[in-house]
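Okay, everyone here? Let me put the structure up, and then I'll talk you through a few bits of it.

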Amino acid sequence: MNRVLSFFGAPVVLFARTVRAGAREGVSWRECAVQLHELGGRSVWLVVSGMAFFGAVLVTIANSQARRFVGNVAVLGPAYFELLIRELGPVVSALLTASRAGAGHAAELSTMSVNEQVEALEMSAGDPYADLVAPRMVAGLLGVPLLSTLGTVAATLSAALVASLVFGVDGRAFMDPRYVDGWDLLAAGMKAVACGLYIPLAAAVAGLRARGGAEAVGQATTEGVVAASLGCLLIDFGVSLAFQLLRL
Amino acid sequence: MSPPPRVASLGLKTVRGAGSLGLEAVRGTGALALVAARTVLGLPRLERRELVRALVQFGYDSLPLALATAALAGVIVVLQSGLYIQRFGARAFLGWAAGYGVLWEFGPLLLGLIMSARIGARNAAELATMQVGGQIEGLRGIGLDPFAILVAPRVVAMELSMLAMSTFTFLVAILFESVAALFTLGLPLRIFFGTFAQMLSPLDILGGVVKTGAFGLAISLVSTSVGLSARGGAQAVGRAAASAVVQGCAAIFVIDFLLTLALAGWMA
Amino acid sequence: MDLRAEALTVKHGARTVLADVRCAVPPGTQALLLGRSGSGKTTLLKSLAGLVAPFGGQVLWDGQDVARLSPSARRERQASFGMVFQTDALFDSMTVRQNVLLPLVRRRVPQAEAEARADEVLLAVGLRDAADTMPERLSGGMKKRAGLARALAARPSVLLADDPFAGLDPGTARQVARVLLEVSRGSTLIVAAPEAPLDVPLPRWLYLRGGRLVYDGPPAPELEREQDEVLP
């Protein structure tokens with residue numbers, strides 16, 4: 001119970017502190033740009049190639065399903081496109097970003113904590129929340145939606161390509177926006193933004209708490225990446241459920 | 001800086017990046033093969049106590065996380081399949097479609113990603129801590145094989161844990177699916193499990209187990225080889241844990257693709 | 001600045017690191033903080049600098065409770081502290097000079113003056129030639145001195161040094177000690193160390209054992225021998 005509480009509570013507390021510290025101290029936009037560059041540069045290949053493979057897998061699955069269900073996989077195309085845009089694109093991209101950025105941030109911040117650099121920063125008139133957490137949060141907030149978009153595009157293209165080349169159906173069915181409406185885009189956007197906010201927070205919670213030596217760094221990195229990944233799944237679940245209950 | 005040299009340097013950077021990526025890939029594959037081979041050689045002299053410890057740590061301690069992942073995967077798949085099942089007015093097929101989705105793709109994939117984060121990062125961090133602290137050198141120094149003592153038990157434990165967890169995860173996920181279908185789409189449990197049992201064969205379960213097992217092997221080999229090649233201080237431990245997760249995820253997506261193609265072709 | 005700890009208790013999780021520590025450090029005090037590893041030396045220094053939140057009791061700066069200060073007020077007053085950390089705690093993405101400049105720039109010291117001060121302290125610790133290298137290229141002693149330079153740059157009235165001689169060879173340790181004594185003349189200096197360093201003969205000893213302050217007074221070498229006797 002305690003663990004559940006701290007799993008949800010700690011990021012919220014950190015978020016509040018970061019926003020307050022950021023408002024008080026000001027956030028360096030330069031540092032935000034550096035973090036955004038880091039996030040994008042490090043994660044973009046993982047997200048794009050991972051999503052491309054994922055798109056291909058999705059078509060293969062759809063094909064096996066279609067053979068029992070409707071006959072021609074192309075019929076499922078538009079529905080799968082909606083699924084990809086609304087659910088799978090943002091979530092799987094966010095999961096990939098979580099593993100890259102979540103682990104990276106947790107490792108960086110825990111190394112800094114263990115080497116007393118966080119305290120040295122405080123003694124240098126810096127604020128760990130405004131100087132370390134806020135730029136990563138801003139970068140996540142902007143970067144994850146961008147990465148999700150790129151990932152969704154990669155998955156769509158590879159799905160269409162595999163459908164055309166391997167299964168010999170018109171691949172354009174997998175990018176037919178017949179069923180996609182504004183609510184789908186809204187759901188996708190909400191998921192990406194929420195994950196983008198949550199990943200750096202979860203990583204920072206684990207990273208800034210680290211005390212000890214090399215062992216503590218390893219533990220904090222593990223904790224950070226697990227929390228970030230699980231958080232993305234929970235966010236997806238929450239948003240999907242909310243939209244389902246509202247029947248949008 | 002004026003634009004042209006920047007473009008040139010960007011091009012150069014890309015080439016250099018691609019080159020180092022290629023080199024890295026070759027080195028990584030070599031390290032993987034080495035770890036795999038030495039693990040197999042170390043199997044007969046496997047340290048039992050370490051195996052039990054690793055089983056508890058990787059398997060038993062991961063159960064809550066696996067449970068949460070399974071529950072989430074189940075509900076998410078229902079919410080997703082519900083979306084297009086309703087479009088085609090084929091609600092009765094939900095049991096089959098959702099079961100298929102969990103067994104073939106989302107169960108193994110999500111479990112693999114989460115376990116890559118938990119087990120992979122932790123394993124790499126532990127081995128990197130030992131490597132950085134000189135403990136692995138120490139083992140060699142007193143004539144013990146680190147692969148038999150540290151690596152083989154971990155690889156075996158991770159594989160066993162993943163296989164056990166896969167079946168467990170699928171069961172939990174399907175349970176949650178049926179409940180979610182009842183609550184969100186109003187589909188009676190009888191109908192859900194009716195089509196589920198009718199249209200899915202034991203082979204479908206096998207597909208998921210094979211995938212999860214392959215992911216487990218990939219995670220364990222990648223994370224041990226990353227952990228063992230760590231050099232430096234606390235920073236190196238963090239880097240090792242982070243790159244174990246990333247390489248594990250990349251491996252999972254590639255393996256997922258290859259296995260889906262192979263299994264789908266074989267089942268057809 | 002007048003420092004004072006009142007019934008200070010600090011906990012890490014369930015472990016009590018400092019228990020009911022009371023001590024007064026008036027301006028100009030020069031003291032050694034001694035105790036075995038794990039006795040709470042680092043935590044006491046960090047508490048005095050306002051880096052650790054107390055579980056019970058208070059830390060007072062000129063009579064003001066640190067826990068009640070607003071973050072910005074606390075940061076402002078922290079400018080009077082210089083802290084040399086046990087690990088080097090240098091920012092590894094910056095050169096030595098940038099490390100030294102950071103606290104000055106963050107406190108809005110004009111650029112020209114900040115540069116001049118950085119050069120001055122780097123000269124004082126003998127690192128002028130290594131000013132533009134990255135910390136990872138420095139030797140252990142040089143990193144220590146770089147950390148010292150960063151602590152000194154803001155001209156602190158209180159200098160806290162957490163085990164500044166750890167891992168240094170005797171020659172380098174002597175050099176660091178000389179710099180420490182030279183620059184802290186007239187201001188408060190507290191040096192934490194596991195055993196009394198011969199090169200730093202300070203007139204007051206604070207002795208911690210298991211998180212409790214067991215001695216506060218003039219140098220008493222018998223304390224260190226006593227420690228050996230209680231060892232099981």
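So, chain B: going from the N terminus, the elements read α-α-α-α-α-α-α-α-α. That's nine helices and zero strands. Keep in mind that this is a predicted model, so everything I quote is computed from predicted coordinates.

Staying with chain B, it has 268 residues, and 55% of them are buried. On the outside, the accessible surface is about 11400 Å², with 71% of that belonging to carbon and sulfur atoms. And if you take the contacts in chain B with a separation of 6 or more, 85% are between residues 24 or more positions apart.

Okay, over to chain C. Here we do have strands: four of them make an open sheet, in the order S2-S1-S4-S5, and the pairing is antiparallel. On the edges you've got strand S2, residues 15-25, and strand S5, residues 64-65, each of them pairing on one side only. Let me zoom in on the S5 end. Strand S4 of chain C, residues 56-61, pairs with S5(C) over two bridges, in the antiparallel sense. If you want a spot to click on, Trp61(C) stands opposite Gln64(C) in S5(C).

Now the part I wanted to spend some time on, chain C against chain A. As general background, people often give the size of an interface as the accessible area lost when the parts come together. For this pair, the area buried is about 1800 Å², and carbon and sulfur atoms give 51% of it. Who loses the most on the chain C side? That would be Arg75(C), Phe91(C) and Arg106(C), which together account for 34% of what that side buries to chain A. In residue terms, the contact takes 24 from chain C and 17 from chain A.

What about the charged and polar stuff? Across the interface of chain C and chain A the rule finds five salt bridges. There's a salt bridge between the side chains of Glu25(A) and Arg75(C), at 2.7 Å, N to O. So Arg75(C) turns up again, having already been on the list of residues that lose the most area to chain A. For polar contacts, the count between the two chains is 11 residue pairs, both residues at pLDDT 80 or more.

Last thing: which elements of chain C supply that side? Helix H1 (41-48), helix H2 (71-78), strand S6 (81-84) and helix H3 (96-106) of chain C each supply at least two residues. H2(C) gives the most, with five residues.

Right, that's my bit. Over to you.

Note on methods
Residues numbered from 1 in each chain as written. Chains lettered and ligands numbered in written order. Predicted model: local features only at pLDDT ≥ 70, side-chain atom pairs only at ≥ 80, totals over all residues. Heavy atoms only, no water. Pairing = 2+ DSSP bridges. Helix = DSSP H or I, 4+ residues; strand = E, 2+ residues; numbered from the N terminus. Buried < 20%, exposed > 50% of the residue type's maximum accessible area, 1.4 Å probe, protein only. Contact = heavy atoms within 4.5 Å. Areas by Shrake-Rupley, 256 points an atom, 1.4 Å probe, with all protein chains shown as cover. Buried area = accessible area lost by both parts, 1.4 Å probe. Salt bridge = Lys/Arg side-chain N within 4 Å of Asp/Glu carboxyl O. Polar contact = N/O pair within 3.5 Å; in protein donor to acceptor, adjacent residues only side chain to side chain.
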